Each structure stands twice: as structure tokens, then as C-alpha cells.
Amino acid sequence: MSSAPPTATASPIPLRPAKVAAESATTSRPHPKPGIPTPKLRLECKDLTHPGALIFFKTTNPATILSDAVTVVLQTLYIPFEGNAAIPPTRSITLVLRSMPGVAYTTGIDLDDDHKEIHFSLDYIAGIKNTSASPQRQREEIEGVIVHEMVHCWQWNALGTAPGGLIEGIADFVRLRDALGPPHWKKESGGDWDAGYQHTAYFLEWMDARFGEGNVMRVNEALRDKRYDEKAFWKELFGKSVQDLWSEYSRTFEVDDSEEGVLVEKYMDDDGKGNVKSNSETKKRTPERAPSGFV
């Protein structure tokens, strides 16, 4: 005796309560707030027995010095910011310690420029000496060079058309703002505005004071996505040519002929009046450049 096959009974699909459905339709998941990018940080030392390597590891914590440099650079050039879209998409930074001429340089790897390498000369590090006047000179110089090079991992360059002196000046401006300028740095008004390094860094520092905090941040942002045109670039940002700005900056320096070797620095107000302070300096100075190989 056979029986009829069982008939499948459709299971009802449970319905979401109307109240929950309504809440889901009107509520979205909160978006995470933008934060400081956290690239992968790496260290490569080609010779652990090199005197420069011994100084480096004795005076610094590599993880701390690299992460702190990232924070300093991004806070100086980008924060406050509306989102991370304005920041270059650097994904990793490798500090390479090796014997080489010069001081340091930064480059992107061939396959992907979002991965950066900072090459730092062990020979240069070995030549840094602590002194009684500057007992932390080795650590401060190492940190200062790394901050300078870290800027190159994150700054804009007008699609590769920005003046090299401006690029290097922004890097030393960040180093200067982080109180890592070496003892030999001096403000000077002679030469060209884009001579680079500390020469241009002090000019940028003056602009930040003259036109308001955050103007170097604006300079960097303006180098983001279009080619550099000197006349239009500075006019759009400050309403003046860079030569006019440099002349105004240069006029803040006067030599008092009544006292040999005294530099009088005048901070001009908008009405042409200003405060004056004196520093012992030499009368004639030429702009100091960074050591060969420092890029």
C-alpha cells in the first residue's frame, strides 16, 4: 500500500517589525572622523657596526622619531583639514641608514611612488658631535634631518614644477617650527628668495607672521594640483609678487652703522611702523646652504 508523497509547506518569511524598518530607513551608520594618516614605517640599516649607526641607535628610538616626524609634518602642513583627501596618499616610509656622501635624500620606489624611502648618511651621522653648549646635538640633528626629509614624503610640488628652493624651504620651515634648527642657522635678507633651505624657511616664517598663522599651509595646498606660475601663484595667495614680498621681508633687516656688527631687525606693521630689536651678527653675510647632498 502506497501513500501520497508529502506536500512541501512554504515557510513564511518573517517580517521585520514596522518600527525597526522605519528606524533603519532614517538612520545611517556614522562615518569615521578623519585622522592623521598612519603609514607603515620601516627601518633598514646597511651596517650595524658603522660609527654612525652606533650613534643613531644610542641617541634615538627609531619608531618614536619616525612616527613623531609624521605627526609634526602633517600638523604643520595640513591640520586643521576637512579630510584626508588633501594629503598625499603616502602608504609607507622606509628609513635607510647607509654609508654615502652628503646628508640625506628622499625618493619614491620605482613601482609605486606612494612608498617612500629616506636615505640618511651614516658618515654624516658619525661626524655630528655633542658639545658643552649643545649636549644633545647628535639627537637634535638626527631628528631635524629626519623631519626635513619627512616633509618631502608628504608635501605637494605643483606637479613637479615648483622651484626646488621653495620645496626645500618648506621642509626647513617645518624643521624650524619644530625647534630643530641647528646653531649655525641665521636669518638673512641677501640673495634670492628661493635659495632654499633655511634661507627660504625664515622668509616663509616671516610670511606666516605677516599674513597670519597657516599661510605656509596655504602655499603647500596651492602647489597641489596645478603647474607653478610664479606671477599668478603669489598674486592669488597674497595679492603681491614674490619679489615684492621678498623686498618687504628684506626691509625688515637694517644695519646700524653706529655700532659695528649689530644687526637691527625691524618688524613692520601694516602702517609701515614697527618694533626693532638687535642681535649680534656680522655686517656682511652670505646665505648659508645645506651641506652637499641634502635634498
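Two strands pair if DSSP finds at least two bridges between them. Helices (H or I, at least four residues) and strands (E, at least two) are DSSP runs, numbered from the N terminus. The model is predicted: local features need pLDDT of at least 70, side-chain atom pairs count only at pLDDT 80 or more, and totals for chains, interfaces and linings use all residues. Residue numbers start from 1 along each chain as its sequence is written, and side-chain values use heavy atoms, with hydrogens and water left out.

**Exercise 1. Determine the strand order of the open sheet and identify the strands at its edges.**

Solution. Begin with strand S2 (residues 92-98) and its pairings. Six bridges join S2 to strand S1 (residues 40-45), and these two run parallel. Within this pairing, Glu 44 stands opposite Val 96. S2 also pairs with strand S4 (residues 115-121), again in the parallel sense, over seven bridges. Two of the contributing residues can be located in S4: Ser 121 is the bridge partner of Arg 98, and Phe 120 is that of Leu 97.

The open sheet of four strands therefore reads S1-S2-S4-S3, with mixed pairing. S1 and strand S3 (104-108) stand at the edges with a single partner strand each, so one side of each has no neighbour in the sheet. On average, neighbouring strands are turned by 20° against each other, direction ignored. Axes are lines fitted to C-alpha atoms, for helices over the stretch in contact, and angles run from 0 to 180 degrees between N-to-C directions.

**Exercise 2. Relate helix H3 to the sheet and to the largest nonpolar core.**

Solution. H3 packs on the sheet by touching S1 and S2, and its direction makes about 135° with that of S1. Contact here means heavy atoms within 4.5 Å.

The next step is the core, a set of buried Ala, Val, Leu, Ile, Met, Phe, Trp, Tyr and Cys residues joined through side-chain atoms within 4.5 Å. Buried means under 20% relative accessible area, exposed over 50%, and partly exposed in between (1.4 Å probe, protein chains only). The largest such core has 63 residues, and Phe 120, Met 150, Trp 154 and Trp 234 have the most contacts inside it. H3 (residues 62-77) gives the most to this core, with eight residues. Among the residues that Met 150 touches, beyond four places in sequence, are Leu 66, Ala 69, Val 70 and Val 73. S2 is mostly covered, six of its seven residues being buried.

**Exercise 3. Classify the ring pairs that Trp 234 forms with Trp 193 and Phe 238.**

Solution. Rings of Phe, Tyr and Trp (its six-membered ring) pair if their centres lie within 6.5 Å; planes under 30 degrees apart count as stacked, over 60 as edge-to-face and the rest as tilted. The whole structure holds 15 aromatic pairs.

For Trp 193 and Trp 234, the centres are 5.4 Å apart and the planes stand at 80°, so the pair is edge-to-face. Trp 193 lies in the loop between helix H6 (164-177) and helix H7 (197-211), and Trp 234 in helix H9 (residues 230-238), so the pair ties together parts 41 residues apart in sequence.

For Trp 234 and Phe 238, the values are 6.1 Å and 20°, so the pair is stacked. Both Trp 234 and Phe 238 are buried.
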